[in-house]
Amino acid sequence: MPDTIDYGNLMHRAMRGLIQQVLQGVAVTGLPGDHHFFVTFDTMHPDVEIADWLSDRYPGEMTVVIQHWFANLDVTDEGFTITLNFGDNPETLYIPYDAIKTFVDPSVEFGLKFETQDDHRAEIAEAPMHEMAEPDDAKPGARKEAEVVSLDKFRK
């Protein structure tokens, strides 16, 4: 019997289960109202299945948007398969829940962020929406250029 209750691992499983339940509902009835999801995942996770050109283009992590067009959403206990459109090219992806880094539904200001520590135990944080805001460009994996600000103009 362990000396402590592993609340972090229990939260990890519960939050992944929440994502599973949400996606199962969407698979059956579609996206209700204005709901849509930004899912950021680790493209290097050993169980992720994406086209080679996508893993080459996004080596490390990728954000996909589940909103206007998606097909073949199949949700299992371990992850989900979905077909998304990348520049008029439909691609099928398999994303295990353990590969998910963030899951955000900006329509209701809901977001989950999964962080992995050095000991490889995942911890979950419910982050404020401004920390997990929508990408400026709704294209999957879009990145904003870093902005360098000089402090000289603020000095007296």
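Two strands pair if DSSP finds at least two bridges between them. Keep that rule in mind while walking through this predicted model.

Start with strand 3 and strand 4. These two strands pair in the antiparallel sense, over four bridges. Look for Val75: its place is opposite Phe80 in strand 4. Now find Ala71, which stands opposite Thr83 in strand 4. The link between the two strands is a hairpin: three residues join strand 3 to strand 4.

Move on to strand 5. Strand 4 and strand 5 run antiparallel, and seven bridges join them. One residue to find here is Ile82, whose bridge partner in strand 5 is Leu93. A hairpin is formed by this pair of strands too, with four residues between them. Gly87 sits in that turn and has a positive phi of about 60°.

Put the three strands together. They form an open sheet in the order 3-4-5, with antiparallel pairing. Strand 3 and strand 5 are the edge strands, since each pairs on one side only. From one strand to the next, the twist averages 15°.

Next, bring in the helix. Helix 1 lies across strand 3 and strand 4. Its direction is at about 130° to strand 3. How much of strand 4 is buried? Five of its seven residues are, so the strand is mostly covered, where buried means under 20% relative accessible area.

Now turn to the core. In soluble globular proteins, nonpolar side chains tend to be buried together. Here the largest nonpolar core has 30 residues. Which residues have the most contacts inside this core? They are Phe41, Val64, Phe80 and Ile100. Several elements give two or more residues to the core, including strand 1 (37–42), strand 2 (61–66), strand 6 (100–105) and strand 7 (110–116). Strand 3 (70–75), strand 4 (79–85) and strand 5 (90–96) are also among them. Helix 1 gives the most, with four residues.

Finish with a close look at Phe41. Set aside its neighbours within four places in sequence. Among the residues in contact with Phe41 are then Val48, Ile50, Gly60, Glu61 and Met62. Val64 and Ile100 are in contact with Phe41 as well, and both are named with Phe41 among the residues with the most contacts inside the core. Leu93 also touches Phe41. That is the residue already met in strand 5 as the bridge partner of Ile82. Ile95, Ala99 and Lys101 are in contact with Phe41 too.

Key: Residues are numbered from 1 along each chain as its sequence is written. This is a predicted model: local features need pLDDT of at least 70, side-chain atom pairs count only at pLDDT 80 or more; totals for chains, interfaces and linings use all residues. Side-chain values use heavy atoms; hydrogens and water are left out. A nonpolar core is a set of buried Ala, Val, Leu, Ile, Met, Phe, Trp, Tyr and Cys residues joined through side-chain atoms within 4.5 Å. Buried means under 20% relative accessible area, exposed over 50%, partly exposed in between (1.4 Å probe, protein chains only). Contact means heavy atoms within 4.5 Å. Axes are lines fitted to C-alpha atoms, for helices over the stretch in contact, and angles run from 0 to 180 degrees between N-to-C directions.
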